[in-house]
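Below are my notes on the model you sent round. They cover the charged pairs, the pocket and the nonpolar core.

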Amino acid sequence: QVQLVESGGGLVQTGGSLRLSCAASARTFSTSDMGWYRQAPGKEREFVAAISMSGGNTSYAASVKGRFTISRDYARNTFYLQMNSLKPEDTAIYYCNAKKVLGLPGAVYWGQGTQVTVSS
């Protein structure tokens with residue numbers, strides 16, 4: 001069973017920073033595009049950022065572009081979301097996501113979610 005283990009959420013003031021981490025098995029990490037999504041209370045889950053299996057391509061939601069950075073560490077089988085200049089509207093549960101490119105193309109796996117709260 002594929003497991004994605006998230007960490008790094010918490011409470012921060014407006015303008016502050018947090019870094020989320022998502023650890024995966026080596027097999028999942030090396031054969032998947034990885035991403036972050038978030039879900040605020042009463043809203044649908046939305047895309048935040050993604051990074052390709054090779055690490056060569058990244059994409060961001062317009063609302064976070066220029067403030068958030070996604071990256072991946074192949075030595076640790078972990079990928080990250082560095083969040084700077086946080087705003088109250090960034091408050092949500094953040095989920096990491098792995099989308100298989102090799103092995104079982106199209107299969108999608110989710111982490112358990114980590115709460116990020118930005119106080120005004």
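1. Four salt bridges are present in the structure. The model is a predicted one, and the distances given below are computed from its atoms.

2. One of the salt bridges pairs E46 with R38, with 2.7 Å between the closest N and O atoms. The two ends differ in exposure class: R38 is buried, at 5% relative accessibility, whereas E46 is partly exposed, at 36%. The cut-off for buried is under 20% relative accessible area, and partly exposed covers the range from there up to the 50% mark.

3. R67 and D90 form another salt bridge, at 2.8 Å from N to O. Its two ends sit in separate loops: R67 lies between strand 6 (58–60) and strand 7 (68–73), and D90 between strand 8 (78–83) and strand 9 (92–100). The pair therefore ties together parts that are 23 residues apart in sequence. R67 and D90 are both buried.

4. A further salt bridge links R76 to D73, with the closest N and O atoms 3.0 Å apart. R76 is exposed, with a relative accessible area of 56%, while D73 is buried, with a value of 19%. The D73 value should be read with the cut-off in mind, because buried means under 20%.

5. Which residues are joined into one network by salt bridges that share partners? They are R38, E46, R67 and D90. Two pairs described above, E46 with R38 and R67 with D90, thus belong to that network.

6. The largest pocket holds about 170 Å³ of space. Its lining is made up of 13 residues, and those nearest the centre are R38, A40, K43, E46 and E89. R38 and E46 from point 2 are therefore both among the residues nearest the pocket centre. By class, the lining comprises eight charged, three polar and two nonpolar residues.

7. The largest nonpolar core has 27 residues. Within this core, W36, L81, M83 and Y94 are the residues that touch the most other members. Elements giving two or more residues to the core are strand 3 (18–24), strand 4 (32–39), strand 5 (46–51), strand 7, strand 8, strand 9 and strand 11 (114–119).

8. To tie the points together: R38 and E46 make a salt bridge, are part of the four-residue network with R67 and D90, and lie near the centre of the largest pocket. For any follow-up on the charged residues, I would start reading at this pair.

Methods:
Residues numbered from 1 in each chain as written. Predicted model: local features only at pLDDT ≥ 70, side-chain atom pairs only at ≥ 80, totals over all residues. Heavy atoms only, no water. Salt bridge = Lys/Arg side-chain N within 4 Å of Asp/Glu carboxyl O. Buried < 20%, exposed > 50% of the residue type's maximum accessible area, 1.4 Å probe, protein only. Helix = DSSP H or I, 4+ residues; strand = E, 2+ residues; numbered from the N terminus. 1 Å grid on protein atoms, 1.4 Å probe; cavity = no way out; pocket = protein on both sides within 12 Å on 5 of 7 lines; lining within 4 Å. Points joined across faces, edges and corners; volume = space filled by probe spheres on them. Nonpolar A, V, L, I, M, F, W, Y, C, P; charged D, E, K, R; others polar. Core = buried A, V, L, I, M, F, W, Y, C linked by side-chain atoms within 4.5 Å.
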